[in-house]
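Okay, thanks for coming, everyone. I've got one model to walk you through today, so let's put it up.

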Amino acid sequence: MSETIEQKCIAKGVKLTDQRRVIAQVMSEASDHPDVDELYNRVSKIDPKISIATVYRTVKLFEESGILTKHEFKGGKARYEELNEGHHDHLIDVKTGEIIEFVDDEIEKLQKKVAEKYGYKLVDHKLELYGVKKKSQ
């Protein structure tokens, strides 16, 4: 079982106020990498006293603490997801914003090969593919 964001905060010494705890809980339960506006909509249903400024500050704190990672997606909004030890890439539907996480060994090998071709050892990468669903025939 993986750690929740709340457990990661405790392990890293991040002080959890009641509002931060709600934000951590909502992020732990999210599977869609919400942006700050969407996260605010979700947490304010649980605690209407939480301001959008508190959500912004909290995701920034979690990001700086190595608990969340920030992804710049099209549309100018950053989305956040829990930082995990495992690696995955993203396929994003540009119409709906749906995100599919995937790992593909062939893509991993190709990226290493490209880095080596240019005289580098690949140490990390982020792959984001953007597309639209094909219409059924």
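I'll start with the whole chain and then go to one pair of helices.

First, this is a predicted model, where local features need pLDDT of at least 70, side-chain atom pairs count only at pLDDT 80 or more, and totals for chains, interfaces and linings use all residues. Residues are numbered from 1 along each chain as its sequence is written, and side-chain values use heavy atoms, with hydrogens and water left out.

So, the protein chain has five helices and five strands, taken as DSSP runs (H or I, at least four residues, for helices; E, at least two, for strands) numbered from the N terminus. Reading from the N terminus, the order is α-α-α-α-β-β-β-β-α-β. Of its 137 residues, 34% are buried, meaning under 20% relative accessible area with a 1.4 Å probe, protein chains only.

Now, the helix pair. Helix 2 (residues 18–29) and helix 3 (residues 36–46) have axes that come within 10 Å and cross at roughly 120°. Those axes are lines fitted to C-alpha atoms over the stretch in contact, with angles from 0 to 180 degrees between N-to-C directions. Helix 2 and helix 3 are therefore oblique to each other; that's the word for whatever isn't under 35 degrees, over 145, or 65 to 115.

Who makes the contact (heavy atoms within 4.5 Å)? Helix 2 brings Val22, Ile23, Val26 and Met27, and helix 3 brings Leu39, Arg42, Val43 and Ile46. By class, that's seven nonpolar, no polar and one charged, with Val, Leu, Ile and Met among the nonpolar types and Arg among the charged ones.

Notes:
Contact means heavy atoms within 4.5 Å. Buried means under 20% relative accessible area, exposed over 50%, partly exposed in between (1.4 Å probe, protein chains only).
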